[in-house]
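Could you walk me through this one, starting with the charged pairs and working outward from there? I'd like a guided tour in plain words.

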Amino acid sequence: MGEQPIFTTRAHVFQIDPNTKKNWVPASKQAVTVSYFYDVTRNSYRIISVDGAKVIINSTITPNMTFTKTSQKFGQWADSRANTVFGLGFSSEQQLTKFAEKFQEVKEAARLARDKSQEKIETSSNHSQASSINGTDDEKASSAGPANTHLKSENNKLKIALTQSAANVKKWEIELQTLRESNARLTTALQDSAASVEQWKRQFSLCHDENERLRNKIDELEEQCSEINREKEKNTQLKRRIEELELELREKETELTDLRKQSEIIPQLMSECEYVSEKLEAAERDNQNLEDKVRSLKTDMEESKYRQRHLKVELKSFLEVLDGKIDDLHNFRRGLSKLGADN
């Protein structure tokens, strides 16, 4: 059945610089497909990525591998067989998390496959030892006769199995040696990666300090922006005040224009004022004359009243005298009347 894809995602692929063992070198110009493949025949797992016609990742997963998240969207693992460190940059943290979980799952499956293989090797070795012992016994008992023919046949089969087991043991020893060498290269790569991590920590510390400095700068800029906003508000208020003053100035200019127009008729008004002043002075003189006349008339009236009172007194005395005279005349008439009657 060959290999089958069991998980696929997209990411930017990087490889560690083989010279510096510190810097990342882009293996793809853009995000490419990265897939987990399972080989049914070999019972193994691989991570494969192809950019066009170029294979940029061909990494067989072993139980000793570790996938490390170095940031929210970036992860890496070391491949001792390929003698490199692969890095993947994802577009989201969720994609990175899914890839890491799948890596752990495949790593565990690879460990189980290795354990099963070791159990088969141990079982084959035990069977080989048992077959060797039984074979010796069969040789000693070969003179026993036809009854041992079946045992010889079984012994031959066990010898063949032992030969195959020995070949398998040699194969697994070679594979074990390869794994040891890969482990040594992986250890070296991990040490280099640890050194890179230390450098990244220092860079992170520097970036953190720079970030703090930038934050302080941002706070200062925000404070300056606040001051600028306050100045803008003051400028807005000043603009409104200026507009109000300009409006007042236009009103004053209008009033001044009216006053100038009025000032043009001031000479005429002055002439009229002088004319009115002359009229007023003449009226004041006439009024003064009239007051003098009034005072004279008042004096005459007082004198006339005094004379009237004096005349009334004289008239009263005259009337009293006249009444006396009339009474005397009546008395005289009555005397004459008596004399006439007597005669």
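Glu212 sits in the in-between zone, partly exposed at a relative accessible area of 31%. This is a predicted model, so keep in mind that what follows describes a prediction. The side chain of Glu212 meets that of Arg215 in a salt bridge, with 3.7 Å from N to O. Why can these two reach each other? They are 3 residues apart in helix H2, which runs over residues 149-264, so about one helical turn separates them. Arg215 is partly exposed as well, its relative accessible area being 46%. The general idea is simple enough: side chains of opposite charge can pair when their charged atoms come close.

Glu108 and Arg111 make another such pair, and here the closest N and O atoms are 2.3 Å apart. These two are 3 residues apart in helix H1, so about one helical turn lies between them. Glu108 has a relative accessibility of 33%, which means that it counts as partly exposed. Arg111, at 30%, counts as partly exposed too.

Then have a look at Arg230 and Glu223, whose side chains meet in a salt bridge at 3.8 Å, N to O. Arg230 is partly exposed with a relative accessible area of 41%, and Glu223, at 42% relative accessibility, counts as partly exposed. Some salt bridges share partners, and in this way Glu108, Arg111, Arg114 and Asp115 are joined into one network. How many salt bridges does a search of the whole structure find? The search turns up 10.

Now step back to the overall layout. The secondary structure comes to 3 helices and 8 strands. Reading along the sequence, you meet the pattern β-β-β-β-β-β-β-β-α-α-α, so the strands come before the helices in that order. The protein has 343 residues, and 18% of them count as buried.

So where do buried nonpolar residues gather? The general expectation is that, in soluble globular proteins, nonpolar side chains tend to be buried together. In this model the largest nonpolar core has 22 residues, and the ones that touch the most other members are Ile47, Trp77, Leu88, Phe99 and Phe103. Several elements give two or more residues to this core: strands E1 (3-16), E3 (32-39), E4 (44-51), E5 (54-60) and E8 (84-89), along with helix H1 (93-140). Of these, H1 gives the most, with 5 residues. That is the helix that also holds the Glu108 and Arg111 pair.

Staying with the strands, pick out Ile6, which is found in strand E1. Its relative accessibility is 36%, so Ile6 counts as partly exposed. What is the separation between the C-alpha atoms of Ile6 and Phe37? The answer is 5.8 Å, although the two residues are 31 apart along the chain.

The loops have a couple of backbone details to check. Lys21 has a phi near 60 degrees, a positive value in a residue other than glycine. You will find Lys21 in the loop between E1 and strand E2 (24-26), and Lys21 is partly exposed, with a relative accessible area of 23%. Asn83 shows a positive phi too, near 55 degrees, and is likewise a residue other than glycine. Its place is in the loop between strand E7 (74-79) and E8. Asn83 is partly exposed, with a relative accessible area of 46%.

Finally, move along to helix H3, which covers residues 266-342. Glu274 is found in this helix, and together with Glu278, Glu281 and Glu284 it forms a negative surface patch. Is Glu274 buried or partly exposed? Glu274 is partly exposed, with a relative accessible area of 48%.

There is also a nonpolar patch on the surface, formed by Leu315, Phe318, Leu319, Leu322 and Ile326. Together these residues have about 430 Å² of accessible area. One of them, Leu322, lies in helix H3. Its relative accessibility is 35%, so Leu322 counts as partly exposed; a patch residue needs over 30%, and Leu322 meets that cut-off.

Terms used. Residues are numbered from 1 along each chain as its sequence is written. This is a predicted model: local features need pLDDT of at least 70, side-chain atom pairs count only at pLDDT 80 or more; totals for chains, interfaces and linings use all residues. Side-chain values use heavy atoms; hydrogens and water are left out. Patches are made of residues with over 30% relative accessible area and no salt bridge: like charges are joined within 9 Å, nonpolar side chains (Val, Leu, Ile, Met, Phe, Trp, Tyr) within 5 Å. Accessible areas come from the Shrake-Rupley method with a 1.4 Å probe; for residues, only the protein chains shown count as cover. A salt bridge is a side-chain nitrogen of Lys or Arg within 4 Å of a carboxyl oxygen of Asp or Glu. Lys and Arg count as positive and Asp and Glu as negative; His and the chain ends are not counted. The place of a charge is taken as NZ of Lys, CZ of Arg, CG of Asp or CD of Glu. Helices (H or I, at least four residues) and strands (E, at least two) are DSSP runs, numbered from the N terminus. Buried means under 20% relative accessible area, exposed over 50%, partly exposed in between (1.4 Å probe, protein chains only). A nonpolar core is a set of buried Ala, Val, Leu, Ile, Met, Phe, Trp, Tyr and Cys residues joined through side-chain atoms within 4.5 Å.
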